[in-house]
Amino acid sequence: DIGDSWQKTARLNGYDIMVLRLTNNKIPGPKPVLLLNGALHAREYATAELVTRFAESLVEDYGADADATWILDYHEVHAILHANPDGRKQAEAGLLWRKNTNQAYCGPGSDQRGADLNRNFDFQWACCDGSSASECAWDYHGPVAASEPETQALQNYITTVFSDQRGPDPTDTVDDDASGTFIDVHSYGMLVLWPWGYTHEFAPNAVQLQTLGRKLAYWNGYTPQQAIGLYPTDGTTDGFSYGELGIASYCIELGTEFFESCSYFESTIVPDLMPTLIYAAKVVRTPYMTPAGPDALSLSLSDGAAAPGVPSGTPVTLQATVDDTRYNNVNG
């Protein structure tokens with residue numbers, strides 16, 4: 001429990017904001033962290049379900065799948081399934097609800113009330129025409145930075161989970177061996193986005209962010225691009241996590257609509273995005289470094305080498321293909 005929704009702070013039957021933390025506690029750390037954030041925009045149905053499916057798959061495959069086992073043994077996966085639970089209840093009633101439900105903005109009974117939580121973060125808040133000052137607008141940034149309890153909860157958690165790896169100057173770069181990745185999952189648009197969203201200038205680690213972004217887009221065919229290529233945004237989650245702390249940060253826009261069909265979700269989003277999230281978890285120890293190298297694919301051991309009871313010191317043969325083509329270069 002990392003905090004409360006606005007309705008809970010107002011004693012209006014709100015919700016706790018919960019994080020699911022997955023790792024094998026029997027193996028000591030420190031361990032690098034992949035933090036996934038879902039459903040910050042309430043109407044984006046597929047996001048919470050995808051993050052949940054990914055968590056379930058890691059647990060179900062542990063001990064049977066090498067990737068899942070290694071990820072949970074030597075990494076931590078933190079999953080915020082519902083970052084905006086008040087708004088989600090409105091969306092589940094069929095409304096195209098995006099914001100939280102703060103009744104101080106746009107009238108207590110309005111379907112346009114609330115603040116856009118993905119425009120309310122401290123970093124570059126309301127700086128650059130990437131959000132609205134109108135209370136009833138879909139991208140209303142709130143009266144001040146981090147005015148909303150949901151934003152405060154997320155900011156506090158991000159700064160607790162990750163260490164500060166970037167200096168205070170806007171041009172300060174992050175060392176290549178920096179650790180940790182933050183992914184805010186949204187819909188829709190079939191995009192992989194990285195900072196900056198508030199300016200056309202490149203982020204100090206633009207090359208590294210682009211490299212991992214292209215790898216994340218390899219499995220799904222999404223367009224990898226700097227966030228402002230979609231439209232200007234300020235006060236965003238990934239702007240905060242990279243801008244304040246230097247964390248490798250992304251927004252993935254899933255699918256083709258807000259209320260995604262179950263059939264498209266099952267047939268396309270899940271099979272296309274699971275490998276993306278697995279890869280993100282595998283490179284989280286050095287996300288600015290590892291994606292720039294080739295991938296070792298199609299690993300196999302010589303006959304009998306994988307069987308239980310192979311004596312220590314027995315020669316075995318490991319074969320693999322080293323491949324450096326897993327990049328989607330479209331608009332990158």
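In which strand is the place of Ser298? In this predicted model, Ser298 is located in strand β10, where the residue takes a positive phi of about 55° although it is not a glycine. The residue is also exposed, since its relative accessible area is 59%, a value that lies over the 50% required for that class.

Strand β10, which covers residues 295-301, contributes to the lining of the largest pocket as well, and its five residues form the largest share of that lining. The space in this pocket amounts to about 520 Å³. Its lining consists of 18 residues, and those that lie nearest the centre of the pocket are Asp67, Lys282, Ala296, Leu297 and Arg326. Besides β10, the elements that give two or more residues to the lining are α3 (66-74) and α8. When the lining residues are sorted by class, 11 are nonpolar, three are polar and four are charged.

The second largest pocket holds about 400 Å³ of space, and it is lined by 32 residues, of which Arg119, Leu230, Tyr231, Thr233 and Glu253 are the closest to its centre. At least two lining residues are supplied by each of β6 (181-187), β7 (191-194), α7 (237-245) and β9 (248-254). The composition of this lining is 13 nonpolar, 11 polar and eight charged residues.

The interior of the model was examined next. In soluble globular proteins, nonpolar side chains tend to be buried together. The largest nonpolar core in this structure has 65 residues, and the members that touch the most other members are Phe54, Ile183, Tyr250 and Leu254. Helix α8, which spans residues 262-282, gives the most to this core, with nine residues. For Leu254, once its neighbours within four places in sequence are left aside, the contacts include Ala46, Thr47 and Leu50, a run from Val185 to Met190 in which His186, Ser187, Tyr188 and Gly189 also take part, and further Tyr222, Ile269 and Leu273.

Leu154, a residue of helix α5, offers a further view of the packing. Leu154 counts as buried because its relative accessible area is 4%, which is under the 20% limit for that class. Not counting residues up to four places away in sequence, Leu154 touches Ile2, Asn37, Leu40, Ile80, Ala83 and Phe121. For one of these partners, Ile80, the separation from Leu154 is 74 residues in sequence, whereas the C-alpha to C-alpha distance in space is 9.2 Å.

Two disulfides were found when the whole structure was searched. One of them joins Cys106 to Cys136, with an S to S distance of 1.9 Å, and this link is right-handed, with 105° about the S-S bond. Both cysteines lie in the loop between α4 (85-92) and α5 (149-161), so the pair ties together parts that are 30 residues apart in sequence. Cys106 is buried, with a relative accessible area of 16%, whereas Cys136, with 38%, is partly exposed. Cys106 also has a positive phi of about 75°, although it is not a glycine.

The other disulfide is formed by Cys127 and Cys128, whose sulfur atoms are 2.2 Å apart, and the link is left-handed, with -110° about the S-S bond. Cys127 is partly exposed at 33% relative accessibility, and Cys128 is likewise partly exposed, with a relative accessible area of 26%. If the bonded cysteines of the protein are numbered in sequence order, the pairing reads 1-4, 2-3. Cys251, by contrast, is in no disulfide, and the nearest cysteine sulfur, which belongs to Cys127, is 17 Å away. The relative accessible area of Cys251 is 9%, so this residue counts as buried, while Cys262 is exposed, with a relative accessible area of 64%.

Finally, some features of the backbone deserve mention. The peptide bond from Gly29 to Pro30 is cis, with omega near 10°, and Pro30 is found in the loop that lies between β3 (20-22) and β4 (33-38). A cis peptide bond also runs from Pro195 to Trp196, with omega near 5°, and Trp196 is found in the loop between β7 and α6 (206-218).

How values were computed
Residues are numbered from 1 along each chain as its sequence is written. This is a predicted model: local features need pLDDT of at least 70, side-chain atom pairs count only at pLDDT 80 or more; totals for chains, interfaces and linings use all residues. Side-chain values use heavy atoms; hydrogens and water are left out. A nonpolar core is a set of buried Ala, Val, Leu, Ile, Met, Phe, Trp, Tyr and Cys residues joined through side-chain atoms within 4.5 Å. Buried means under 20% relative accessible area, exposed over 50%, partly exposed in between (1.4 Å probe, protein chains only). Helices (H or I, at least four residues) and strands (E, at least two) are DSSP runs, numbered from the N terminus. Contact means heavy atoms within 4.5 Å. A disulfide is a pair of cysteine sulfur atoms within 2.5 Å. On a 1 Å grid over the protein atoms alone, a cavity is a set of points where a 1.4 Å probe fits but cannot get out, and a pocket is an open set with protein on both sides within 12 Å along at least five of seven lines; lining residues have an atom within 4 Å of a point. Grid points are joined across faces, edges and corners, and a volume is the space filled by probe spheres set on the points. Ala, Val, Leu, Ile, Met, Phe, Trp, Tyr, Cys and Pro count as nonpolar, Asp, Glu, Lys and Arg as charged, and the others, Gly among them, as polar.
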